[in-house]
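Please open the model in your viewer and keep the sequence beside it. This tour suggests what to select at each stop and says what is found there.

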Amino acid sequence: MIHRAKHQQLARQGYRPHSLFCGERVIPADGEAVLVFIAGGVAIAVSLGLGAYLMLAAVSLGIVEAAWNLRVEAQKRAIPDAQRENEIIMEQVRKEDRQ
């Protein structure tokens with residue numbers, strides 16, 4: 001519900017969010033894994049299994065975040081190449097249309 005309301009608010013303001021928009025982070029991505037790891041350290045005092053699970057989840061989350069960031073950076077680097085390829089194709093199409 002909250003996501004839909006935010007989406008509609010942004011749409012009314014003229015912003016067209018991507019269909020994969022899933023809201024804004026409350027905790028920065030860098031701090032999320034650290035926060036879960038600390039919570040796991042605290043939870044170890046209560047339950048060894050729960051604490052170990054949270055710490056393992058934090059490490060896994062950190063790995064996933066790093067992989068995601070690498071993917072996003074690769075996509076950013078590919079954008080200028082794709083734009084240039086489109087320009088080349090458009091030049092060819094325009095030449096063909098003139099002939």
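The stops below go from the whole chain to a single residue and then to a pair of residues.

Begin with everything selected, bearing in mind that this is a predicted model. Shown as a cartoon, the protein has three helices and zero strands, and reading along the sequence gives the pattern α-α-α. The radius of gyration is 22 Å, well over the 13 Å that the globule rule gives for 99 residues, so the protein is more spread out than a compact globule. If you turn the C-alpha trace along its principal axes, you will find that it spans about 80 × 30 × 15 Å.

Next, switch to a surface view, where the protein exposes about 8500 Å², with carbon and sulfur atoms supplying 62% of that area. Of the 99 residues, 8% count as buried. Among the contacts with a separation of 6 or more, 21% are between residues 24 or more positions apart.

Colour the charged residues now: there are 12 positive and 11 negative charges, and the mean positions of the two groups lie 6 Å apart.

Then select residues 48-98, which form helix H3, and pick out leucine 50 within that helix. Is leucine 50 buried, partly exposed or exposed? Its relative accessibility is 43%, and because this value falls between the cut-offs of 20% and 50%, leucine 50 counts as partly exposed.

Finally, add alanine 78 to the selection and draw a distance from its C-alpha to that of leucine 50: the two residues are 28 positions apart in sequence and 42 Å apart in space.

Definitions and conventions
Residues are numbered from 1 along each chain as its sequence is written. This is a predicted model: local features need pLDDT of at least 70, side-chain atom pairs count only at pLDDT 80 or more; totals for chains, interfaces and linings use all residues. Side-chain values use heavy atoms; hydrogens and water are left out. Helices (H or I, at least four residues) and strands (E, at least two) are DSSP runs, numbered from the N terminus. The radius of gyration is taken over C-alpha atoms; the globule rule is 2.2 Å times the number of residues to the power 0.38. Buried means under 20% relative accessible area, exposed over 50%, partly exposed in between (1.4 Å probe, protein chains only). Contact means heavy atoms within 4.5 Å. Accessible areas come from the Shrake-Rupley method with a 1.4 Å probe; for residues, only the protein chains shown count as cover. Lys and Arg count as positive and Asp and Glu as negative; His and the chain ends are not counted. The place of a charge is taken as NZ of Lys, CZ of Arg, CG of Asp or CD of Glu.
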